[in-house]
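User: I'm new to this one and would like to learn how to read its buried parts and its salt bridges. Can you walk me through it?

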Amino acid sequence: MCGILGYTGERRAVEVLLEGLAPLEYRGYDSSGICVIDEGRLDRYRAVGSLDQLRTVLDVAEPSGATTGIGHTRWATHGGVTVENAHPFTGCDGDQVAIVLNGVIDNYLELRRELEGLGHRFESETDAEVVAHLIEG
């Protein structure tokens, strides 16, 4: 089962999101990720495996002190267990919208083909990424 968490406040979002995702570790997820808004830019950090793997990515990246973000633990439904398939997802330009999603989009292949015909580029094999591109327009 997946888990979703969002935060906006005065604390450093990366720390709050990791704290909030930690109790979800028992759910059998295969990847995790967070996205924070830093000075109008979306910064994503994703990893396959446990939250410890995501912490390692964050230790290397040394993210900012951003105070708004979203987090997700994924249990694969579409696409393999890869960093590319880990949430959060963004649209084509990467700075307009970031989403996390629980659930399944039954007609995602049809939507994806339509969006690709309009010039959208996808990085994953998932159904969830379609939502970011739909919102992006």
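Analyst: Let's go through burial, then salt bridges. This is a predicted model, where local features need pLDDT of at least 70 and side-chain atom pairs count only at pLDDT 80 or more, while totals for chains, interfaces and linings use all residues. Residues are numbered from 1 along each chain as its sequence is written, and side-chain values use heavy atoms, with hydrogens and water left out.

User: Which residues of helix H1 are buried?

Analyst: Buried means under 20% relative accessible area, exposed over 50%, and partly exposed in between (1.4 Å probe, protein chains only). Helices (H or I, at least four residues) and strands (E, at least two) are DSSP runs, numbered from the N terminus. In H1, residues 13-21, the buried ones are Ala 13, Val 14, Val 16, Leu 17, Leu 18 and Leu 21. Their cover includes strands S1, S2 and S4 as well as helix H2.

User: How many salt bridges are there?

Analyst: Look for a side-chain nitrogen of Lys or Arg within 4 Å of a carboxyl oxygen of Asp or Glu. That rule gives 9 salt bridges. One of them pairs Asp 30 with Arg 74, at 3.7 Å from N to O. Asp 30 sits in the loop between H1 and S2 and Arg 74 in strand S4, so this pair ties together parts 44 residues apart in sequence.

User: Is Arg 74 buried or exposed?

Analyst: Arg 74 is buried, at 3% relative accessible area, and Asp 30 also counts as buried, at 13%.

User: Which residues are linked in a network of salt bridges?

Analyst: Asp 38, Arg 41 and Asp 43 are joined that way.

Note on methods:
Contact means heavy atoms within 4.5 Å.
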